[in-house]
Amino acid sequence: RKFNENKAAWAVVYFSIVSVKIVIIPNKERTSANFLATVKDVNSQASPSGAVINGLVEKISLAAESTFSAAGKEVSSAEVAGTVTIYNKTSSDQPLIKTTRLLSPDNKLFRLKQTVRVPANGQLEKVEVYADQTAKEMAIAPTKFIIPGLNKVKQDLIYAESAAAFEYRELGETLISAEDLQKAKDSLQKQLADKLQALTAAPKYQNYDNVIGKINEPAINFNTAAKLGDKVTEFKMAAAAEAAIAAFNTSEIAALAKQKVEESLPDDKQLESFDKNNFQYSIERYDAAKGTADLKIEVAAQMVLKEGTEIIKADRLVGLDRQQLDDYLSSLREVAGYEVKFTPNWINKVPSLIDHIKVEIAK
């Protein structure tokens, strides 16, 4: 009887001291928020609604002009041409008349453009050749050619080799193509953007740490006398556009950005960090007359679980051994890492009493 009483007493003590403490290291998850804020020029009398920050808003006129090459072509004919080196390993000069045939290993036929004389035990470089039949597939890679008009013995001693791929060329008059006109517009648009970017570095904006611009792209005026199909080698084109520059300080955005991110978080998450220097800004629209510019602001941040959030229910851990506990904790998306401490330290199984299981989220 006394043994049973001691055993029961020991069991009570055992169950009272056995516990497990699990400290969860929460995973940092990416989140983002987009919102609008209006930059109001210091001299503006407007009263815009919503989030408003002070700054400078200016309208800018931009212009650019350049001369462009025409690359279009009215094709009248085409050719495949290239050059070869002809080798002569005999003791006599070898004359080869114009149109002499050269044959590639895959039986593509080419001809000499001019009559040549290849010196004995020598070579003749940069000899011009052309394809017997004009087709793009005749623009072959470097290879060796036999001269089929020579007898079999001489074919091994007198032959040609190309060092560069042959070129397919379309021949005809140069003209302005639709692609030429579009490339000119794209180039001028980039020039306008570069000019606007250069203007944002002006000294008058030095009191602001963010200066951005926006070109009214749909209203860019392109002007040229050139027309599609004009047979010229070059043409001029000019472009003019209206743009806006907005200057403001990041500090006025940061508090608002933090608020917007926190409003967008799930109920069980809290803001961990965000970098105000990595905000993305763009001007959605502007009103030069009112001196206002609406900014779209994109904020990237990191969120973690809120302190006190129950992501692990203790009743799901009851009776798990250490391996089962590790497998379960590792499967949770919100968990970046964890620490497990059993008391006493020699046990390796989660106790059966839920109030002896403690789960904390690391700060």
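Visitor: Which residues does tyrosine 281 contact, leaving aside its neighbours within four places in sequence?
Guide: Happy to start there, with contact meaning heavy atoms within 4.5 Å. This is a predicted model, where local features need pLDDT of at least 70, side-chain atom pairs count only at pLDDT 80 or more, and totals for chains, interfaces and linings use all residues. Residues are numbered from 1 along each chain as its sequence is written, and side-chain values use heavy atoms, leaving out hydrogens and water. With those neighbours set aside, tyrosine 281 touches Asn210, Ile212, Phe248, Thr250, Ile253, Lys276, Leu295, Lys296 and Ile297.

Visitor: Which strand gives the largest share of the largest nonpolar core?
Guide: A nonpolar core joins buried (under 20% relative accessible area, 1.4 Å probe, protein chains only) Ala, Val, Leu, Ile, Met, Phe, Trp, Tyr and Cys residues through side-chain atoms within 4.5 Å. The largest has 26 residues, and Tyr281 is among those with the most contacts inside it. Elements supplying at least two residues each include α4 (251–264) and β17 (280–287). The largest share, six residues, comes from β18.

Visitor: How many residues are in the second, separate core?
Guide: Its members include Leu56, Ile220, Ala226 and Ala247. The count for this core is 24 residues.

Visitor: Why is the protein chain described as more spread out than a compact globule?
Guide: The C-alpha atoms fill a box of roughly 125 × 75 × 30 Å along the principal axes. For 363 residues the globule rule (2.2 Å times the number of residues to the power 0.38, with the radius taken over C-alpha atoms) gives 21 Å. The chain is more spread out than a compact globule because its radius of gyration is well over that, at 40 Å.

Technical notes: Buried means under 20% relative accessible area, exposed over 50%, partly exposed in between (1.4 Å probe, protein chains only). Helices (H or I, at least four residues) and strands (E, at least two) are DSSP runs, numbered from the N terminus.
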